[in-house]
Amino acid sequence: MAAAREPGPHSSLHKKMQFKAGTQLWVWPATAAAPELAATEDLDRVELDAANAAVLFVEGAADVEKIMADYRERLAQVPVVWLVYAKGNKAPVNRDTLWTQLLEYSWRAVSNVSYSDTLSAIRIRPLKPGEEVRQA
């Protein structure tokens, strides 16, 4: 019998990001240094095809293009998908530019949380059939 794992030190982040016990998490890029997303009782790191949540670290628009080109169809099957990016205009993307770029792929941002002192995260999802989004 496997020993129960203790809640991780980042369980408040997991709660904000809607990770529950048993979350199967895919992280992109695979080399992302994300100790707050290490396996705990809240989540296990898995490959995309087994994931029910995904966290994607983006540094710019090119990363979003790559993600959408390579993984969009599979990510559409994942119930919880987050894009994480640098806060304070320290990256060439922010929630507004990401919102606009995502619409080009028929995806939209649905919520925003503080990932850390230096990173923000937006939850994204594909548009529903017939859904229209007005841009401000």
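# Close-up views of a predicted model

**View 1. Helix 3 and the residues it buries.** In helix 3, which spans residues 95–103, the buried residues are L98, Q101, L102 and L103. The structure shown here and in the other views is a predicted model. The cover over the buried residues of helix 3 includes helix 2, strand 4, strand 5 (107–114) and strand 6 (119–126). Helix 3 lies across strand 4, strand 5 and strand 6, and its direction makes an angle of about 155° with strand 5. At the N-terminal end of helix 3 the cap is provided by N94, which has a side-chain oxygen 2.8 Å from the backbone nitrogen of D96.

**View 2. Q101, a residue of helix 3.** Q101 belongs to helix 3, and with a relative accessible area of 8% Q101 is buried, because the cut-off for a buried residue is under 20%. When neighbours within four places in sequence are left aside, Q101 is in contact with A61, V64 and E65. Helix 2 covers residues 61–75, and helix 2 is among the elements that cover the buried residues of helix 3.

**View 3. The open sheet of six strands.** The sheet is open and is formed by 6 strands in the order 2-1-3-4-6-5, with mixed pairing. Strand 2 (43–45) and strand 5 stand at the edges with a single partner strand each, so each of them has one side without a neighbour in the sheet. On average, neighbouring strands of this sheet are turned by 30° against each other, with direction ignored. As general background, strands of a sheet pair through backbone hydrogen bonds, in either a parallel or an antiparallel manner. Helix 2 lies across strand 1, strand 3, strand 4, strand 5 and strand 6, and helix 2 runs at about 150° to strand 1.

**View 4. Strand 3 and its two partners.** How many of the residues of strand 3 (residues 53–57) are buried? In strand 3, 5 of the 5 residues are buried, so this strand is largely enclosed by the rest of the structure. Both of its faces are covered, with A53, V55 and F57 buried on one side and A54 and L56 buried on the other. Strand 3 pairs with strand 1 (residues 23–28) in the parallel sense over 4 bridges, and in this pairing W28 has L56 of strand 3 as its bridge partner. Strand 3 also pairs with strand 4 (residues 80–86), in the parallel sense and over 5 bridges, and here A54 stands opposite V81 of strand 4. Between strand 3 and strand 4 the chain passes through helix 2 (residues 61–75), and the resulting β-α-β crossover is right-handed.

**View 5. The aromatic pair of F57 and Y115.** Searching the whole structure gives 2 aromatic pairs. One of them is formed by F57 and Y115, whose rings are edge-to-face, at 5.7 Å from centre to centre and with 90° between the planes. F57 lies in strand 3 and Y115 in the loop between strand 5 and strand 6, so the pair ties together parts that are 58 residues apart in sequence. F57 is buried, with a relative accessible area of 15%, and Y115 also counts as buried, at 6% relative accessibility.

**View 6. L75, a residue of helix 2.** L75 lies in helix 2, and at 0% relative accessibility L75 counts as buried. Not counting residues up to four places away in sequence, L75 touches W26, L48, A54, L56, I67, V81 and W107. Of these, A54 and L56 are buried residues of strand 3, and V81 is the residue of strand 4 that stands opposite A54. From C-alpha to C-alpha, L75 and G60 are 19 Å apart in space, while in sequence they are 15 residues apart.

**View 7. H14, a residue of helix 1.** Is H14, which is found in helix 1 (residues 11–16), buried or exposed? H14 counts as buried, at 1% relative accessibility. With neighbours within four places in sequence left aside, the residues in contact with H14 are F19, E36, L37, T40, D42 and L43. Among these contacts, L43 belongs to strand 2 (43–45), a strand that stands at an edge of the sheet.

How values were computed. Residues numbered from 1 in each chain as written. Predicted model: local features only at pLDDT ≥ 70, side-chain atom pairs only at ≥ 80, totals over all residues. Heavy atoms only, no water. Buried < 20%, exposed > 50% of the residue type's maximum accessible area, 1.4 Å probe, protein only. Helix = DSSP H or I, 4+ residues; strand = E, 2+ residues; numbered from the N terminus. Pairing = 2+ DSSP bridges. Right-handed = clockwise from strand over helix to strand, strands pointing away. Contact = heavy atoms within 4.5 Å. Polar contact = N/O pair within 3.5 Å; in protein donor to acceptor, adjacent residues only side chain to side chain. Axes fitted to C-alpha atoms, helices over the stretch in contact; angles between N-to-C directions. Phe/Tyr/Trp six-rings, centres within 6.5 Å; stacked < 30°, edge-to-face > 60°.
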